[in-house]
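Subject: Structure for you to look at

Dear colleague,

I am passing on the structure that I have been reading through, and I would be glad if you kept it open beside this message. My notes follow below it.

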Amino acid sequence: MDWKNYLYPENEKPLDRLVGGYSNTSIFRKIAFVGDSLSSGEFETVDSKGEPGYHDLFEYSFGQFIARENSLTAYNFSRGGMTAAWYLESFADEMGFWDREKAAQAYVVALGANDLVFAKTEVGSIRDIDEKDPSNNKKTFIGNYAAIVQRYKEIAPDAKFFFVTFAKNSDKNFEKYALPHRDAMYALAEYFDNAYVIDLYEYGPSHDEDFHEKYFMYGHMNPSGYLLTARLIDSYIDYIVRSNPKDFKTVGFINTGINYNKGV
C-alpha cells in the first residue's frame with residue numbers, strides 16, 4: 001500500500017474526497033459546534049395561514065451526524081437565529097456554555113448569517129480586537145466573533161478552532177455578504193493560533209436552485225441537507241488534519257492538564 005499517496009495525494013484540494021466511516025475528525029473526542037440554525041438542525045414549517053415555524057432538532061444537526069459517524073461527543077452550542085452578539089452578551093452565559101466542565105478539544109464556529117444579512121452588523125476588522133480583554137472589543141461582527149474565540153481560549157488554551165464560511169448562494173441578497181464574511185474568517189484564522197478556515201464558499205457545492213430543490217425545506221435544510229453538510233464539514237476537517245500533521249500531534253493532551261514537550 002502506498003500510504004503516503006493515500007493520505008497525502010499530490011495537489012489534493014479540500015473536499016476532493018468525502019470521508020466515510022471514521023475520519024481524522026475522530027481524533028477529537030469532544031467538539032463544540034457554535035452557531036445558528038445550520039448548526040442546530042433547524043427545520044422550517046408553514047401553517048395554514050402561511051406563517052413560518054422554526055424547530056431546532058439537534059439530533060439532525062451536522063454536528064450530531066459527525067458525532068455518530070466518529071463516535072465522539074458533540075455539544076450543540078447553537079440556536080436558530082443566533083448572532084455573535086447575542087451569543088456573547090447573554091446566550092452562552094444563560095446556557096452555561098462557558099463552563100470549564102464543557103471545555104472541548106475543538107470548536108467549529110458557524111456564525112454570521114444573522115449578524116450580517118439580517119441584523120446588518122458592521123463587519124469590522126482585526127483592529128476591533130483587544131488582545132488582552134475581549135470585553136473591550138468593538139461591537140462589530142469581527143469584534144464579537146473574536147471575543148467568543150477569546151473566551152473559549154481562556155477555557156481551553158490548546159483547543160483547535162475551525163471557522164466556517166458561507167456557501168455560494170443563488171440568493172443575490174445573501175451572496176453579497178458571502179465574500180466579506182469569507183475575508184473575515186481568513187483574517188480571524190490568521191490572527192488566532194490553532195485556527196483554520198472551512199471554506200465552503202470556495203470548495204463546497206453552490207446553494208443554487210437545484211441544490212435547494214434537493215436539500216432544502218422552505219428556507220432551511222431538510223434532513224439530507226444536514227447530512228450532506230456533515231459530510232462536508234467532516235471531510236474538510238479530515239483534510240486539514242492530514243495536511244497539517246504536526247499541528248495535531250498533541251490533540252490527545254488538550255484539556256487534560258498533562259504537561260508535555262510542546263516542541264514535539
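To begin with one contact between charged side chains, Glu202 and Arg182 form a salt bridge in which the closest N and O atoms are 3.8 Å apart. Because Glu202 belongs to helix α7 and Arg182 to helix α6, this pair ties together parts that are 20 residues apart in sequence. Please keep in mind that the model is a predicted one, and that the structure holds six salt bridges, of which I describe some here.

Arg182 has another partner to look at, since Asp199 also forms a salt bridge with Arg182, and there the closest N and O atoms are 2.8 Å apart. This pair again links distant parts of the chain, with Asp199 in the loop between β7 (195–198) and α7 (200–203), Arg182 in helix α6 (residues 172–191), and the two positions 17 residues apart. Are these residues buried or exposed? Asp199 is buried, with a relative accessible area of 0%, and Arg182 also counts as buried, because its relative accessibility of 18% falls under the 20% cut-off. Glu202, by contrast, is partly exposed, with a relative accessible area of 41%.

A further salt bridge joins Asp238 to Arg242, with the closest N and O atoms 2.7 Å apart. Because Asp238 and Arg242 are four residues apart in helix α9 (residues 223–243), they are separated by about one helical turn. Asp238 is buried at a relative accessible area of 6%, and Arg242 is buried with a relative accessible area of 6% as well. These two residues do not stand alone, for Glu12, Asp238 and Arg242 are linked in a network of salt bridges.

Turning to the strands, you will find five of them forming an open sheet, in the order β4-β1-β5-β6-β7 and with parallel pairing. Strands β4 and β7 stand at the edges and have a single partner strand each, so one side of each is left without a neighbour in the sheet. From one strand to the next, the twist averages 20°. Within this sheet, β1 and strand β5 (residues 106–110) pair in the parallel sense over five bridges, and Ala110 in β5 is the bridge partner of Gly35. Helix α9, which holds the Asp238 and Arg242 pair, packs on the sheet, where it touches β5, β6 (160–164) and β7, and its direction makes about 135° with that of β7.

Finally, it is worth following helix α3 (residues 84–95), whose buried residues are Ala84, Ala85, Tyr87, Leu88, Phe91 and Ala92. What do the buried residues of α3 pack against? They pack against β1 (30–35), β4 (73–78), α4 (113–118) and α5 (141–155), and thus against both strands and helices. Ala85, one of these buried residues, is in contact with Asp115 and Asn144, if its neighbours within four places in sequence are left aside. Although Ala85 and Asp115 are 30 residues apart in sequence, their C-alpha atoms are 7.9 Å apart in space. Just after α3, Gly96 takes a positive phi of about 70°.

With best wishes

Key
Residues are numbered from 1 along each chain as its sequence is written. This is a predicted model: local features need pLDDT of at least 70, side-chain atom pairs count only at pLDDT 80 or more; totals for chains, interfaces and linings use all residues. Side-chain values use heavy atoms; hydrogens and water are left out. A salt bridge is a side-chain nitrogen of Lys or Arg within 4 Å of a carboxyl oxygen of Asp or Glu. Buried means under 20% relative accessible area, exposed over 50%, partly exposed in between (1.4 Å probe, protein chains only). Contact means heavy atoms within 4.5 Å. Two strands pair if DSSP finds at least two bridges between them. Axes are lines fitted to C-alpha atoms, for helices over the stretch in contact, and angles run from 0 to 180 degrees between N-to-C directions.
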